Amino acid sequence: MKLTKTLASLLLAGTILLPGVAVAQTTLSFVSWQKGEKGYGDWWDLLIKEFEATHPDVKIDFTLVPRDGYSDAMITQFAAGAPPDIVHLTSFEYQTFAENGWLEDLDPWIEKSGLDLTGWAGQSACTWDGKTQCIMMLYFGYILAYNEALLNEAGVAVPTTWDEFLAAARATTIDRDNDGIKDVYGTGIHLATANSSYTNDVLMFVLSAGGRWTNAEGKVTINTPEAIEGINRWRTLVEEELTPLGMVGGDTDQLFMEGKVAMRINGPWINGFVQRAEPGIKENLKFAADPLSPPLGGSSNVLTLASETPAEKKELAWEFIQLATSQKFQELYSELGASPAPKPGAVSEAAFKAVPHMQLLIDASAAASAAGVDRIPTGLEAQNNEFTKMAAEELQRMLIEKLPTEDVVAVIQQKAEALQ
């Protein structure tokens, strides 16, 4: 059978389906560190499944890139002119991409689609150079996850202050068989890669002592007595080996899940590890308010578009973002992600039922917000990656060379000011 030129063209374009003729399919690339995670990973899977069901000619290529090194991997892709079609970044690293002009101005897309972001938690952090550069996916506050059996064994109560937390960490760091190897650690801190995870774990203790990396006006305040005291609190936990050494945060979460770490202060994603624990351990894993006040918190991760993505794919990627921001999937985000979704009114009864500690998370977010806390230091937003790597490397050097905290803080202060 001969085909007319017009019919042949339509078939090649995938606009007409004949028996035995495959429809052309568009593939959207999507890279995330959350693929495979319990909770957030499950949410992404369901979102992708529904999107593909409503767009039968579109396939989402969902790829895992580990959190450590994620920003560097994304920068490499963008710089090479090959960004993902659906862009998932942390809210404390997206500024580098915005500064380089790699991200789409979302304001026309928001206006055209009628997306209502009124009251959307953390959305203000997505404004860069007067443009909306992303959609906030999570604003959070840290809470305490603890092993009730280990605290009871040590005869200590759930801590509510720094002093109580330190005492509990000392009491629950145990070498059961006296072989010189600790069987249980009091807490877990990210101490491996020199990145934002490293400095975020330090910042928890700086905040507890009344310090900040920068003040509200963007002035660097790392050399203040309060910041120095906070760094010394963190240093005490490390030097007394009350935490496993040389591990990334995910490793310490894994040990917590296995009953080998007594307490872990973390964001709402810690629930994913709790849910994977063996039954005999899981029943002892509980949640409480962060004993370090104010809690670390702020914005977490964002969805956006790459400016150079082809128009057709950009339109589809925006439809994916719209589905992610729908009431249905925002409520599901609260439920499966075990954290309050940014959309107002998206914490449903089902979410409270699925996440008994949901009110703790809501209270933690409110406390962090009221204190003006965010992991992104004001005045260093665009330089955040450089700052966190530099600060972490200097703090690592302090521990290795056993340098006075004040001397190292002075160096970090000077280098942070130079970045500005």
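Which residue of β2 stands opposite S32? The partner is L64. This is a predicted model, and that pair is a handy place to start looking around.

**β1, β2 and helix α2**

S32 closes strand β1, which covers residues 26–32. β1 runs parallel to β2, and 7 bridges join the two strands. Of the 7 residues in β1, 5 are buried, so the strand is largely enclosed by the rest of the structure.

Helix α2 takes up residues 40–54. Is its length what you'd expect, or what should its 15 residues span? At 1.5 Å a residue they should cover 21 Å, and the end C-alpha atoms are 21 Å apart, which agrees. The buried residues of this helix are Y40, G41, W43, W44, L47, I48 and F51. Looking down the axis of α2, you find those buried residues within an arc of 155°, so they line one face of the helix. Turn to the face pointing away from that buried side and you meet the exposed residues K49 and A53.

What do the buried residues of α2 pack against? Their partners are the strands β1, β2 (58–64), β3 and β13 (301–304), plus the helices α13 (311–324) and α14.

**V87 and β3**

One of those partners, β3, spans residues 87–90 and holds V87. V87 is buried, with a relative accessible area of 0%. Leaving out residues up to four places away in sequence, V87 touches F78, V302, L303, T304, L305 and A306. P377 is another matter: V87 and P377 are 290 residues apart in sequence, and their C-alpha atoms sit 23 Å apart in space.

**I135 and its neighbours**

I135 belongs to strand β6, residues 135–136. Is I135 buried or exposed? It's buried, at a relative accessible area of 0%. Setting aside neighbours within four places in sequence, I135 has a long list of contacts, including L106, I110, L115, W120, Q123 and C126. N301, V302 and L303 are also among them, as are I321 and T325. V302 and L303 turn up in the contacts of V87 too. L117 is in contact with I135 as well; the two are 18 residues apart along the chain, with 8.8 Å between their C-alpha atoms.

**The open four-stranded sheet**

Elsewhere, 4 strands make an open sheet in the order β9-β10-β8-β11, with mixed pairing. The edge strands are β9 (185–187) and β11, each pairing on one side only. From one strand to the next, the twist averages 20°.

At one edge, β9 pairs with β10 (residues 261–266) in the parallel sense over 2 bridges. T187 stands opposite M263 of β10. Helix α7 (residues 162–171) lies across β8 (143–147), β9 and β10, and runs at about 145° to β10.

**Backbone oddities**

Two residues other than glycine have positive phi values, and their surroundings are worth a look side by side.

| Residue | Phi | Loop | Relative accessibility |
|---|---|---|---|
| D129 | about 55° | β4 (127–128) to β5 (131–132) | 67%, exposed |
| A338 | near 55° | α14 (327–336) to α15 (349–354) | 1%, buried |

So where does the buried one sit? A338 is in the loop between α14 and α15, and at 1% relative accessibility it falls under the 20% cut-off for buried. D129, in the loop between β4 and β5, counts as exposed at 67% because the cut-off for that is over 50%.

There's a cis peptide bond to note too: the one from S293 to P294, with omega near 0°. P294 lies in the loop between β11 (285–289) and β12 (297–299), so following the chain on from the β11 edge strand brings you to that loop.

**N385 in α17**

Last stop is helix α17, residues 384–401, which contains N385. Which side chain makes a polar contact with that of N385? S71 does, at 3.1 Å. N385 also touches I75, E93 and T96, besides S71, when residues up to four places away in sequence are left out. With a relative accessible area of 12%, N385 is buried.

Notes. Residues are numbered from 1 along each chain as its sequence is written. This is a predicted model: local features need pLDDT of at least 70, side-chain atom pairs count only at pLDDT 80 or more; totals for chains, interfaces and linings use all residues. Side-chain values use heavy atoms; hydrogens and water are left out. Buried means under 20% relative accessible area, exposed over 50%, partly exposed in between (1.4 Å probe, protein chains only). A polar contact is a pair of N or O atoms within 3.5 Å; within protein, one must be able to donate a hydrogen and the other to accept it, and residues adjacent in sequence count only if both atoms are side-chain atoms. Contact means heavy atoms within 4.5 Å. Two strands pair if DSSP finds at least two bridges between them. Axes are lines fitted to C-alpha atoms, for helices over the stretch in contact, and angles run from 0 to 180 degrees between N-to-C directions. The expected span of a helix is 1.5 Å times one less than its number of residues. The arc is that of the directions from the helix axis to the C-beta atoms.
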